[in-house]
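Work through these short exercises on how two chains meet. Try each task before reading its solution.

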2 protein chains.
Amino acid sequence: MQGSAERALGVHRVVAPSGVLPRAALRLDADPAIGPDEVRIAVRRLNLDAASYRQLSESCGGDGDAVRTAVVEIVESRGKMQNPVTGSGGMLIGVVDAVGPESPLGLEVGQRVATLVSLTLTPLRITDGLARWDGRSEQVPAQGTAILFARSIAAVLPDDLPDAVSLAVLDVCGAPAATARVVERAAARSVVVLGGAGKSGSLSLAAARAAGATELTGLVRDEAEAAALRASGLADRVVVADATDPLAVAAAVGTPADVTVVCVDVPGAEHGAVLATADGGTVVFFSMATSFSAAALGAEGMAADVTMLVGNGYTPGHAAMALDLYRSVSGVRALIDPRVHA
Amino acid sequence: MQGSAERALGVHRVVAPSGVLPRAALRLDADPAIGPDEVRIAVRRLNLDAASYRQLSESCGGDGDAVRTAVVEIVESRGKMQNPVTGSGGMLIGVVDAVGPESPLGLEVGQRVATLVSLTLTPLRITDGLARWDGRSEQVPAQGTAILFARSIAAVLPDDLPDAVSLAVLDVCGAPAATARVVERAAARSVVVLGGAGKSGSLSLAAARAAGATELTGLVRDEAEAAALRASGLADRVVVADATDPLAVAAAVGTPADVTVVCVDVPGAEHGAVLATADGGTVVFFSMATSFSAAALGAEGMAADVTMLVGNGYTPGHAAMALDLYRSVSGVRALIDPRVHA
């Protein structure tokens, strides 16, 4: 790899240990002076990863001041907000403050942005001691600076939507973009979405429709979700089954689909997804609860000739596509809005 | 799902608990009387999964008689050989004994076969008490019967190759078949194989070449493997790097490839594989040590627009293709033969 490719990943900001990627680093250089291919963000708010916040709060016995002190100390010592116990970070919101002349991100000074890469690899300096945060929520008002590398992802927050809505949509924007791509490439007609009434599920159904699919099935866990999904109009057919019960999924889906998208965040959905998919079809796993070996061995054990994709959270244009689906499809809004704590 | 589809998966052989797939069952019905879509195998040998054998041997303090008794009792009580502690099984070798008139597997009575689906889902009855086994190896001479369902996989053992060679090749036959399919579909020219000197790696290199790839790079861990892979002629270029060090992999590979195939059986190869792959390219993960979340989050964190596939052990025709590559490519033989305990 050339030096510029390493720079693009932020390797030049790694202080220790040398030779690792920023996510694996113990300490990053968070100097606010930017290189020619970097972008500086004036930080407004951190959204801590839920697991990270819970661990910090529990280890501090719920003492908000102690939690605040712990976060400040982590950022000072590591140059990034990565919980040393959970390993997780979160994301941040801010305003573009400076753009290096060689940055490929297309950002302009003054734009409000959310980072779509993790805080675990983002150089961060806090300048206000998090004084406006009571330590009692993972939403952290903050002042300071963060650095984006050439290979980072930041989405401009639109002015026509509440930030809470934009963040909820951007949080899952990889799913609809990847679903659309798979449906287009395979010229798929039938699509099943496990967890079709959730954020990523509803966006994936809308994306599949926009990409040309004509037989959309949404599988949900109970009648309440089924009623909401039916009312949304996003699916042609709504079925109820436990996604972790392979035979129940297969029975509910009936004729296997060209493409199955897994958006349920529970372990054990792999075999049902395989059975829901026709020979020669494709399964896209978006759930972080997916087990690699369960998927691989399950398909082999059932002699299932299916292509299985690890859902990549990044597809070019994913943020804009997801926000556009939210704006243009009322059924998406109907399912996502109740989940937004605006 | 219709009754016939459930039958094809062997659900009718599940005794307890009801409504699960055979792999998840506590007990299967191993009755040697076959249904119209089933095949009966006269068992000759069991190959226990290495992890299962180790656990049994350790729990019995290395007492071979106790290990034998334990395996006999597991098969009697469960109707299959699935270690209750490790959950794993193994495979078996036998002779086709009876073929139901509606079996789609294409087998004929008298053929010697190896099952390519796991013992964890194969109804099995032992009739000799494993009397010829000393309990000191995972290779178990056995007499009894096993049942194949409509959706099972069994490979006919060729007469021109030693069984040990056939089993070594069949053990990894999913990798070359899937590699060939990805290379063909993407019309890929450049392919990198991490772990190119191993069984699945060498077959994948040969399959990529046969599928039209013209720039083959094999990445190996040390100079001894590099010398062996160079001598085999399977790769156009051989590089040495630690597959778990992403920047080392990227530096060794140089220009990213259209397709990267991961055949190293160690955790932590996900990020290196992503960096070795060009934007728009494909990574195929064959290592069971692959972490789903490391792959998904790694690609997102590096803004890498790569398609990531869960290596499916089953592709139609995979067994015949792998055996043909072994027969026709001397470099494959040169790398696999030393690994076969013939």
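The exercises below deal with the interface between chain A and chain B.

This is a predicted model, where local features need pLDDT of at least 70, side-chain atom pairs count only at pLDDT 80 or more, and totals for chains, interfaces and linings use all residues. Residues are numbered from 1 along each chain as its sequence is written, chains are lettered from A in the order in which they are written, and side-chain values use heavy atoms, without hydrogens and water.

**Exercise 1.** State how many residues of each chain are in contact, and what area the chains bury.

Step 1. Contact means heavy atoms within 4.5 Å. On chain B, 52 residues touch 52 residues of chain A.

Step 2. Buried area is the accessible area (1.4 Å probe) lost on being put together, summed over both parts. Here that is about 4,400 Å², with 63% on carbon and sulfur atoms.

**Exercise 2.** Find the salt bridges between the chains.

Step 1. Look for a side-chain nitrogen of Lys or Arg within 4 Å of a carboxyl oxygen of Asp or Glu. The count is two.

Step 2. One of them joins Asp305(A) to Arg181(B), at 2.9 Å, N to O.

Step 3. Which helix of chain B gives the most to the side that touches chain A? α10(B) does, with nine residues. Helices are DSSP runs of H or I, at least four residues; strands are runs of E, at least two.

**Exercise 3.** Describe how strand β14 of chain A pairs with β14(B).

Step 1. Pairing takes at least two DSSP bridges. Three join these strands, which run antiparallel.

Step 2. Met308(A) has Val310(B) as its bridge partner.

Note on methods. Buried area = accessible area lost by both parts, 1.4 Å probe.
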